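Colleague: Hey, got a minute to walk me through this one? I'd like to start with the sheet.

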Amino acid sequence: MKISAKGQCLCGAVSVTGQVEQKVGVCHCSMCRQWVGGPFLAVDAGTELTVTGEQNVERFSSSDWAERAFCKKCGSALFYRLKQNNQHIVSAGLFEVSSDFTLDHQIFIDEKPHYYSFANQTHNMTGAEVFAQYAPKE
């Protein structure tokens, strides 16, 4: 189920508004961990995300299929965008803490370091399972 949500970066220079999934996912891939300094907790905002303060957004093409965006002023991680379909996976930390969100799934669980873990029972997928499910069909 989706809810209307508005969030902003740490300094407030960038805000995002859209319909987001209530299910929070965690990515443990090495790129996400390098990007945010730990696991990336995010919600799916689909293709209709409104970004205000676009002049403060820096985009980095991290692979052939995706880009990552962050605030130029404060460095807050904003979103991961799939280039093929314009799907935005938005940092859950941008939004006010809400009881509407539930930690639901973890991806790249096979890349998760041993020094942390979440107590929640979640659906877990390895990197190979993620690519098998979401990679473009040829």
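Modeller: Sure. Keep in mind that this is a predicted model. The sheet is an open one of eight strands, and its pairing is mixed.

Colleague: What order do the strands come in?

Modeller: Going across the sheet, you get β6-β7-β8-β9-β4-β3-β10-β11.

Colleague: OK, and which strands stand at the edges?

Modeller: Those are β6 (57-61) and β11 (123-125). Each has a single partner strand, so one side of each has no neighbour in the sheet.

Colleague: How much does the twist average from one strand to the next?

Modeller: The average is 30° per step from strand to strand.

Colleague: Does anything sit on the sheet? I mean, what does helix α2 touch?

Modeller: Helix α2, residues 127-134, packs on the sheet and touches β10 (102-107) and β11. The direction of α2 makes about 90° with that of β11.

Colleague: Back to β6 for a sec. In which sense does β6 pair with β7?

Modeller: Antiparallel, over five bridges, with β7 covering residues 66-71. To see one of the bridges, find Glu58: its partner in β7 is Phe70.

Colleague: And how many residues lie between β6 and β7?

Modeller: Four, and the two strands form a hairpin.

Colleague: Now β8 and β9. How many bridges do they pair over?

Modeller: Four, again in the antiparallel sense. β8 is residues 77-82 and β9 is residues 87-91. Look for Leu82, whose bridge partner in β9 is Gln87.

Colleague: Where do side chains go in a regular strand?

Modeller: They alternate between the two faces of the sheet.

Colleague: Let's zoom out. How many helices and strands does the protein chain have?

Modeller: Two helices and 11 strands. Along the sequence the pattern reads β-β-β-α-β-β-β-β-β-β-β-β-α.

Colleague: What about the overall size? Which radius of gyration does the chain have?

Modeller: It's 14 Å, and a compact globule of 138 residues would come out near 14 Å, so the two agree. The C-alpha trace spans about 35 × 35 × 30 Å along its principal axes.

Colleague: What share of the residues is buried?

Modeller: Buried residues are 43% of the 138. As for the surface, the chain exposes about 8100 Å², and carbon and sulfur atoms supply 51% of that.

Colleague: Last one: what share of the contacts join residues at least 24 apart?

Modeller: That's 50%, counting contacts between residues at least 6 apart in sequence.

Key:
Residues are numbered from 1 along each chain as its sequence is written. This is a predicted model: local features need pLDDT of at least 70, side-chain atom pairs count only at pLDDT 80 or more; totals for chains, interfaces and linings use all residues. Side-chain values use heavy atoms; hydrogens and water are left out. Two strands pair if DSSP finds at least two bridges between them. Axes are lines fitted to C-alpha atoms, for helices over the stretch in contact, and angles run from 0 to 180 degrees between N-to-C directions. Contact means heavy atoms within 4.5 Å. The radius of gyration is taken over C-alpha atoms; the globule rule is 2.2 Å times the number of residues to the power 0.38. Buried means under 20% relative accessible area, exposed over 50%, partly exposed in between (1.4 Å probe, protein chains only). Accessible areas come from the Shrake-Rupley method with a 1.4 Å probe; for residues, only the protein chains shown count as cover.
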